[in-house]
Amino acid sequence: MEFPTIFSIAEDEIDLNDLLAKITLASTGAAAIFTGMVRGETARGAAYETEYLEYEAYIPMAESKMKQVAEEIREKWPVVEGIAIVQRIGKLYPKTPTVLIACTAAHRDTGVFDAARYGIDRLKEIVPIWKKEVSPNGEYWVEGNYFPKAGE
Amino acid sequence: MNHVKLLFFATLRDRAGTKAIELDIPSELTVQGLKDKISAEYPNLKASMSSVLITINREYAFDEAVIPQNAELAMFPPVSGG
């Protein structure tokens, strides 16, 4: 049977229970889930406050790159059963989940934690999504530092 | 000539003042050639060209790549999703 792969750019709230149900098979016994949320107060480095983040995406390319990330996960961790990769866009306020990567497998000691970690790391490298940081002191686009190579 | 669409995102969109343009480019123009053309025609974008990412038909493209007919191109800064 084919393993479920979900990838999407969403404007609505991320529904963890729904996504988890969709990537849980009869053979699944473990799920590793990473979710990131808007941090209102940053203490690491120079402290600052965030009023909200505004996300945008090059949607068709973002979804195709998310699919590519899922394929890379399957190549590296063939034991992974279901994969869900969802990024929410629009104006998102502190404490709101913005992204979710979940991988399921039969057991927890199969590399499934690493697979989910790889998924979020790759999303931040190659999936065309950007966020604008809006704080009481002004706003600026956050820019990454990864330059994709040929074939990525 | 080659008629293409060029999309801008994030800082590039703000600096260009538009989400997308359509333009006619010479056949056989490369990605580097496109950067040179945009630098010349959009002075606000010139400073961005050294660190911009460019895609052709939704795949990352590099300086030597020749732009195919009727391509969908995009220019944007390194990504910051998550």
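This is a conversation about a predicted model with chains A and B, and about how some of its descriptions are reached.

Trainee: Why is A:Q68 called partly exposed?

Mentor: A residue counts as buried with 20 or more other C-beta atoms within 10 Å, and as exposed with 12 or fewer. A:Q68, which lies in helix α2 of chain A, has 16 other C-beta atoms within 10 Å, so this residue falls in between and is called partly exposed.

Trainee: What makes β1 and β2 of chain A edge strands?

Mentor: The sheet is open, and its four strands stand in the order β1-β6-β8-β2 (chain A), with mixed pairing. Because β1 (5–10) and β2 (30–37) of chain A each have a single partner strand, one side of each is left without a neighbour in the sheet. Neighbouring strands of this sheet are turned by 5° against each other on average, if direction is ignored.

Trainee: How do you know that β1(A) and β6(A) pair?

Mentor: Two strands pair if at least two bridges are found between them. Six bridges join β1(A) to β6 (residues 83–88) of chain A, so the requirement is met, and the two strands run parallel. As one example, A:I6 has A:A84 in β6(A) as its bridge partner.

Trainee: Which helices pack on this sheet, and which strands do they touch?

Mentor: Helix α2(A) touches β1, β6 and β8 of chain A, and its direction makes about 150° with that of β1(A). Helix α3(A) touches β2, β6 and β8 of chain A, with its direction at about 145° to that of β8(A).

Trainee: How do you know that the length of α3(A) agrees with what is expected of a helix?

Mentor: The expected span is 1.5 Å times one less than the number of residues. For the 15 residues of α3(A) this gives 21 Å, and the end C-alpha atoms are 21 Å apart, so the two values agree.

Trainee: What puts the buried residues of α3(A) on the same side of the helix?

Mentor: The buried residues are A:V112, A:A115, A:A116, A:G119, A:R122, A:L123 and A:I126. They cover an arc of only 130° around the axis, and therefore lie on the same side of α3(A). These buried residues pack against β2, α2, β6 and β8 of chain A.

Trainee: How many residues of chain A are in contact with chain B, and of what kinds are they?

Mentor: There are 27 residues of chain A in contact with 17 residues of chain B. Elements giving two or more residues to this side of chain A include α2 (59–76) and α3 (112–126). The residues on this side of chain A divide into 16 nonpolar, six polar and five charged.

Technical notes. Residues numbered from 1 in each chain as written. Chains lettered and ligands numbered in written order. Predicted model: local features only at pLDDT ≥ 70, side-chain atom pairs only at ≥ 80, totals over all residues. Contact = placed C-beta atoms within 7 Å. Nonpolar A, V, L, I, M, F, W, Y, C, P; charged D, E, K, R; others polar. Axes fitted to C-alpha atoms, helices over the stretch in contact; angles between N-to-C directions. Arc of directions from axis to C-beta.
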